[in-house]
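User: Please take a close look at one loop residue in this chain, and then follow the contacts and charged pairs outward from there. I would like one connected account, with the cut-offs stated as they come up.

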Amino acid sequence: MPMPDATRRYPVTLPDGSEHKGTVFLNRVIDHPRFQVGDYTYASDFDPPQDWASHLAPYLFATSTEALRIGKFCQIAHGVRFITSSANHAMDSLTCFPFPVFDPAQMGSYQPDTRDTMIGHDVWIGYGALILPGAQIGTGAIIGAGAVVRGNVPDYGVVTGNPGTVVKSRFDANTIAALLDTGWWDWPAEQIAQAESALLSGDVDALKRI
């Protein structure tokens, strides 16, 4: 089966031939200096926004110090939000009130938290999940619906709940190492298309041979 066209804004074609406007390849619709997304990563929403960047990451500004980086082949469900570091207030003083924000001369220099938020490849982020500032989510992870995620999530970890907790690993350590070693998400499209059956059936040996 051929790969979807990575250059399409709306990659899902409905049976009547129309484009499904509620699913987009994010790097086709986002033009933001601090928001980086790999090929084939898509987001879906029942009420598609005009501005996907501000919809998904409302506190990520063009002037922000931090970055939001999402890898290839990620799947982002309706209601997911990335609360990036620009949303944070200083917590090491006597008040959390952000006085400099209200002074144009100081506004640009006020950012007490500058941590990047990093999402690996082939990560599924479920309905309504909240990704907090500085989260580092490994490749192949699954973030359950409504989970509130902070800190580090290991490759192929499964996270649920609030606070988000790694409840299990999708695969054993040897399988995870083999998958990471293949780096299939970086292969040419033709090679990934050849590997589709192995990827969907869980045949790691076939994937390694490809």
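Analyst: **A close look, starting from one loop**

Tyrosine 40 lies in the loop between strand E2 (35-37) and strand E3 (42-44), where strands (E, at least two residues) and helices (H or I, at least four residues) are DSSP runs numbered from the N terminus. The model is predicted, and local features need pLDDT of at least 70, side-chain atom pairs count only at pLDDT 80 or more, and totals for chains, interfaces and linings use all residues. Residues are numbered from 1 along each chain as its sequence is written, and side-chain values use heavy atoms, with hydrogens and water left out.

Tyrosine 40 has a relative accessible area of 13% and is therefore buried, given that buried means under 20% relative accessible area, exposed over 50%, and partly exposed in between (1.4 Å probe, protein chains only). Its backbone also deserves attention, since tyrosine 40 is not a glycine and yet has a positive phi of about 70 degrees. If residues up to four places away in sequence are set aside, tyrosine 40 touches Met3, Pro4, Ala6, Phe25, Phe73, Cys74 and Ala189, contact here meaning heavy atoms within 4.5 Å. Tyrosine 127, by comparison, is 87 residues from tyrosine 40 in sequence and 19 Å from it in space, C-alpha to C-alpha.

The wider setting is the division of the protein into domain 1 (23-170) and domain 2 (172-209), with bounds that come from an automatic or database domain assignment. Nine residues from domain 1 and eight residues from domain 2 take part in the contact, and the C-alpha centres of domain 1 and domain 2 lie 27 Å apart. Between them, domain 1 and domain 2 bury about 800 Å², with 71% of it on carbon and sulfur atoms; buried area is the accessible area (1.4 Å probe) that two parts lose on being put together, summed over both.

One salt bridge is counted between domain 1 and domain 2, a salt bridge being a side-chain nitrogen of Lys or Arg within 4 Å of a carboxyl oxygen of Asp or Glu. On the side of domain 1 that touches domain 2, the residues divide into three nonpolar, three polar and three charged; in this scheme Ala, Val, Leu, Ile, Met, Phe, Trp, Tyr, Cys and Pro count as nonpolar, Asp, Glu, Lys and Arg as charged, and the others, Gly among them, as polar. The side chains of lysine 72 and aspartate 186 meet in a salt bridge, with an N to O distance of 2.9 Å.

Within domain 2, threonine 182 is found in helix H4 (residues 173-182) and, at 16% relative accessibility, counts as buried. A polar atom of the threonine 182 side chain lies 2.7 Å from the backbone oxygen of leucine 179. Residues up to four places away in sequence again left out, threonine 182 touches Trp187, Leu207 and Lys208.

Charged pairs also occur elsewhere, and a search of the whole structure finds five salt bridges. Side chains of opposite charge can pair when their charged atoms come close. Aspartate 116 forms a salt bridge with arginine 69, the closest N and O atoms being 2.9 Å apart. Aspartate 116 lies in the loop between helix H3 (104-107) and strand E7 (117-119), and arginine 69 in strand E4 (residues 68-70), so the pair ties together parts that are 47 residues apart in sequence. Aspartate 116 is partly exposed, with a relative accessible area of 26%, and arginine 69 counts as partly exposed at 29%.

Aspartate 113 forms a salt bridge with arginine 115, with the closest N and O atoms 2.8 Å apart; aspartate 113 counts as buried at 9% relative accessibility, whereas arginine 115 is partly exposed at 43%. Arg8, Glu19 and Lys21 are linked in a network of salt bridges, in which the side chains of glutamate 19 and lysine 21 meet at 3.3 Å, N to O. Lysine 21 has a relative accessible area of 45% and is partly exposed, as is glutamate 19 at 36%.

Two further loops show backbone features of their own. Aspartate 122, in the loop between E7 and strand E8 (124-125), has a positive phi of about 55 degrees although it is not a glycine. Proline 163, in the loop between strand E14 (157-160) and strand E15 (165-169), is joined to asparagine 162 by a cis peptide bond with omega of about 0 degrees.

Conventions
A polar contact is a pair of N or O atoms within 3.5 Å; within protein, one must be able to donate a hydrogen and the other to accept it, and residues adjacent in sequence count only if both atoms are side-chain atoms.
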